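Thanks for coming, everyone. Please look at the screen while I bring up the chain.

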Amino acid sequence: MRERQTQETRELRAAMRVADADLALGIRSHGRLIGMLLLGARATGRIYGSEDQHNLQVICNHLGVAIENARLFRAAELERELDRILADSELV
C-alpha cells in the first residue's frame, strides 16, 4: 500500500479484493513465478507485519521446491510408463 500506484498494482489490488485476500505471496522456482499464495484477513484482525511476510515467503520458497520436485517426479513416472509401453509393444 505504500508503493506508488500503477495500473498493474491497481489491477492486483482489485483481484485481491475479489479473492478476499489481504496478502499475496509469490511461489517461485528457478527464478520464475509458478504460483501465488493468497491469505485472507487474520483472525485477530492484525495486519501481516514484515516478520510475518518474511516467514511466509520462506514457506513459499519451500513450496516452490516441493512443486518443482513433484513436477519432476511426475515427468519421471510418465517416462517410465512410456518405456514400459514401448517395451511391451516390442514383445508383440
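Which residues does Ile34 touch, not counting residues up to four places away in sequence? Keep in mind that this is a predicted model. Ile34 touches Ile27, Arg28 and Ser29. Ile34 also touches Gly64, Ile67 and Arg71.

Now the core. Ile34 belongs to the largest nonpolar core, which has eight residues. Ile27, one of the contacts of Ile34, is in this core too. The other members are Leu23, Leu25, Leu39, Tyr48, Leu56 and Cys60. Where do they come from? Strand S1, residues 23-29, strand S2 and helix H2, residues 50-91, each supply at least two residues of this core. S1 gives the most, with three residues.

Next, strand S2 itself. This strand covers residues 32-39, and Leu33 sits in it. Is Leu33 buried or partly exposed? Leu33 is partly exposed, because its relative accessible area is 48%, and buried would mean under 20%. Leu33 also helps to make a nonpolar surface patch. Its partners there are Met36 and Leu38. The patch is about 280 Å².

Last stop: the loop between S1 and S2. His30 is found there. His30 counts as exposed because its relative accessible area is 69%, and the cut-off for exposed is over 50%. Now find Val65 on the screen. His30 and Val65 are 35 residues apart in sequence. In space, C-alpha to C-alpha, His30 and Val65 are 8.8 Å apart.

That is my tour. Thank you.

Methods. Residues are numbered from 1 along each chain as its sequence is written. This is a predicted model: local features need pLDDT of at least 70, side-chain atom pairs count only at pLDDT 80 or more; totals for chains, interfaces and linings use all residues. Side-chain values use heavy atoms; hydrogens and water are left out. Patches are made of residues with over 30% relative accessible area and no salt bridge: like charges are joined within 9 Å, nonpolar side chains (Val, Leu, Ile, Met, Phe, Trp, Tyr) within 5 Å. Accessible areas come from the Shrake-Rupley method with a 1.4 Å probe; for residues, only the protein chains shown count as cover. A salt bridge is a side-chain nitrogen of Lys or Arg within 4 Å of a carboxyl oxygen of Asp or Glu. Helices (H or I, at least four residues) and strands (E, at least two) are DSSP runs, numbered from the N terminus. Buried means under 20% relative accessible area, exposed over 50%, partly exposed in between (1.4 Å probe, protein chains only). A nonpolar core is a set of buried Ala, Val, Leu, Ile, Met, Phe, Trp, Tyr and Cys residues joined through side-chain atoms within 4.5 Å. Contact means heavy atoms within 4.5 Å.
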